[in-house]
Amino acid sequence: MELKKLLDGISYEVLQGEPAKEVKNIEYDSRKVTEGDVFVCVSGFQADGHKFAPMAEKQGATALICEKMPDGIGPEVTVIKVENSREALALMAVQYYDDPSKKMQVVGVTGTNGKTTTTYLMKSVLDRMGKKVGVVGTIENRIGDKVLHTERTTPESKELQELLNTMVKEDVTHVVMEVSSHSLDLHRVDGIQYEIGIFTNLTQDHLDYHKTMENYKLAKGKLFERAQKSIINLDDAAGEFMKDRAKGQVLTFAVEKEADLRAEGITISAEGTEFSLPWEGKEYHVHLSTPGRFSVYNALGAIGACLLLGIPMEEIIAGLEENHGVAGRFQAVRSKKGFQAVVDYAHTPDGLDNILKTAREFAKGRIITIFGCGGDRDKTKRPIMGEIAGNGSDYCIITSDNPRTENPLTILSEVEAGVVKTRCLYEKIADRREAILHGAKMAKAGDVIIIAGKGHENYQIFKDGTIHFDDMEEIRKAFGEDCL
């Protein structure tokens, strides 16, 4: 493809060479560059891509996209200067893959919690309607029934456009994707045509990157400036902000406030959640397999988006009932001895608070909470989560999550500072396997063991490497022959 065509819609300055030249592929990793490629110099968190421009040239790059002139580049290489190379990478990828999002209906889901569940609730409805659905998310990327490996919630822009292009080729009609605040702020999703944007909620997370909640909110709000239609949770403090950012048609949902979609008569049990939903003069009964008030919000967001896609309410509710939960999202396992464990991805203060309140609604005995906090991430939430766990539990076992490069014992101590405030009984067991085993051994009939933080993840990251670790596997082993 001609470089000049790839740069269509991007403001740029030619530092040397000629933009009217053919390039084979776009790369931002110099190790992947081959003869005839264009290399985009992205300023990363650990390294500046401009430093790798000479390596890219050596490997055959015939053009460079940069924010400043790299050192040591020969005169035969075309060098194009742009204001933001990440943004340029995204928009070039849109051109390279022929704007795939325009050929499907794309629904973006953003918020601190509930993104994954909302996408899968929508998938259940769309599957029922006979649509071929693409999913982009935390657990996996999916094309119809085919599961693809995923590294992060939202892929880098080039890989994302490549994935969307593959979906077009495989006749996907609808894409439901989680849209992280990082992806919005780092231009990974620039150029995507969103038919609908869904806002779930905004609570503390990712402050290691965003620094302030205001920055975090502003990043999330970018989705609604781009989406043609929006579904907004008005019960959330940031709901009105997102609504003000939205363009086109807006549907609101709530439990507490007046909204277009409002759940009433909510009942929660160990088996699931039920509520009534008035809509256009009729009252509908909704049953969800997942317990919890948060499940109601996830369902309302999915219902709103499906309505805007033109799906009848009766079909939407039938589709929701066909969803039997998502891996690592309030996933229960029971023991013959009369107690149960719940594995959940809750790794934010609000997420942990939600699952503890839900468990309290049906627990007949104690709540035993096994949890930790990730290393090299927002440290300010550690004592906050400790205090939430202490307030919502009868016993806490503080353990390791993904320590990464940090000392696990240091993280445990920082979480402990919050638990201590509550006077909840607790202990610290750094080894997560041992912590889960201990929780299972101390449980009695009626107790609920909450294992929070990792959910669907099947690994644990330490300073010296990554090991296989799956909370569901571990609790089933801990229950042994008593596991139902």
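Below, a colleague asks about a predicted model and its modeller replies.

Colleague: How many cavities of 30 Å³ or more does the structure hold?

Modeller: Keep in mind that this is a predicted model. At the cut-off of 30 Å³ or more, the count of cavities is one.

Colleague: What volume does the largest cavity have?

Modeller: Its lining includes T117, L121, F294 and R329. The space inside comes to about 120 Å³.

Colleague: Which helix gives the most to the lining of the largest cavity?

Modeller: Two helices each supply at least two lining residues: α4 (115–128) and α10 (293–308). One of them gives three residues, the most of any. That helix is α10.

Colleague: Which class has how many residues in the lining of the largest cavity?

Modeller: Among the lining residues are S289, T290, N298 and N323. Leucines L121 and L288 are there too. By class, the lining has one charged, four nonpolar and seven polar residues.

Colleague: Is α4 mostly covered or mostly open, and how many of its residues are buried?

Modeller: Helix α4 has 14 residues. Buried means under 20% relative accessible area. The buried residues include K115, Y120, M122 and L126. So by that cut-off, α4 is mostly covered, and the number of buried residues is twelve.

Colleague: How far does α4 reach from its first C-alpha to its last?

Modeller: At 1.5 Å a residue, 20 Å is expected for this helix. The model comes close to that. The reach is 20 Å.

Colleague: Which residue just after α4 takes a positive phi?

Modeller: Helix α4 covers 115–128. Just after it, phi turns up at about 80 degrees. The residue is G130.

Colleague: Which helix gives the most to the largest nonpolar core?

Modeller: This core has 41 residues, and M122, L261, F275, L300, M313 and L320 touch the most other members. One helix gives ten residues to this core, the most of any. The helix is α10. Apart from this core lies another, of 29 residues, among them I143 and V172.

Colleague: Which residues does M313 touch, leaving out those up to four places away in sequence?

Modeller: M313 is among the core residues that touch the most other members. With close sequence neighbours left out, its contacts are L261, L277, W279, Y284, I303 and L307.

Colleague: Why does I384 count as partly exposed?

Modeller: I384 is found in helix α13, residues 381–392. Its C-alpha is 9.3 Å from that of T348, 36 residues apart along the chain. Partly exposed lies between under 20% and over 50%. I384 falls in that range because its relative accessibility is 33%.

Terms used. Residues numbered from 1 in each chain as written. Predicted model: local features only at pLDDT ≥ 70, side-chain atom pairs only at ≥ 80, totals over all residues. Heavy atoms only, no water. 1 Å grid on protein atoms, 1.4 Å probe; cavity = no way out; pocket = protein on both sides within 12 Å on 5 of 7 lines; lining within 4 Å. Points joined across faces, edges and corners; volume = space filled by probe spheres on them. Helix = DSSP H or I, 4+ residues; strand = E, 2+ residues; numbered from the N terminus. Nonpolar A, V, L, I, M, F, W, Y, C, P; charged D, E, K, R; others polar. Core = buried A, V, L, I, M, F, W, Y, C linked by side-chain atoms within 4.5 Å. Buried < 20%, exposed > 50% of the residue type's maximum accessible area, 1.4 Å probe, protein only. Contact = heavy atoms within 4.5 Å. Expected span 1.5 Å × (residues − 1).
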